[in-house]
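User: I am new to this structure and would like to be guided through its main features. Please explain each term as it arises.

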Amino acid sequence: MATKTLARGMGTFFKDCEHPASRWAKCPHLYKIRYRGPDGKQAEESGFLDQDIAIARLISEPLPT
């Protein structure tokens, strides 16, 4: 599982599958995001169809915990 990190502290988006990151555009698996909430605890959400939607969710305000 490879992850791609956004600006420091924003979180990461990834796919939890065997496909390398270079093949994610054609991979049928859904994206997941991981971030730290305001309370400092790590949270994870899944079910994003493409990386643009996952990134938009990471940069939206505020992320629930």
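The questions and answers below concern the fold, the surface and the cysteines.

Analyst: This is a predicted model, in which local features need pLDDT of at least 70 and side-chain atom pairs count only at pLDDT 80 or more, while totals for chains, interfaces and linings use all residues. Residues are numbered from 1 along each chain as its sequence is written, and side-chain values use heavy atoms, with hydrogens and water left out.

User: In which pattern do the helix and strands follow one another along the protein chain?
Analyst: Helices (H or I, at least four residues) and strands (E, at least two) are DSSP runs, numbered from the N terminus. The protein chain has one helix and four strands. Read along the sequence, their pattern is β-β-β-β-α.

User: What percentage of the residues of the protein chain count as buried?
Analyst: Buried means under 20% relative accessible area, exposed over 50%, and partly exposed in between, with a 1.4 Å probe and protein chains only. The protein chain has 65 residues, and the buried portion is 28%.

User: How many disulfides does the whole structure hold, and why?
Analyst: A disulfide is a pair of cysteine sulfur atoms within 2.5 Å. The cysteine sulfur closest to that of Cys 17 belongs to Cys 27, but it lies 3.6 Å away, too far for a bond. A search of the whole structure therefore gives a disulfide count of zero.

User: Is Cys 27 buried or exposed?
Analyst: The relative accessibility of Cys 27 is 10%. At that value, Cys 27 counts as buried.
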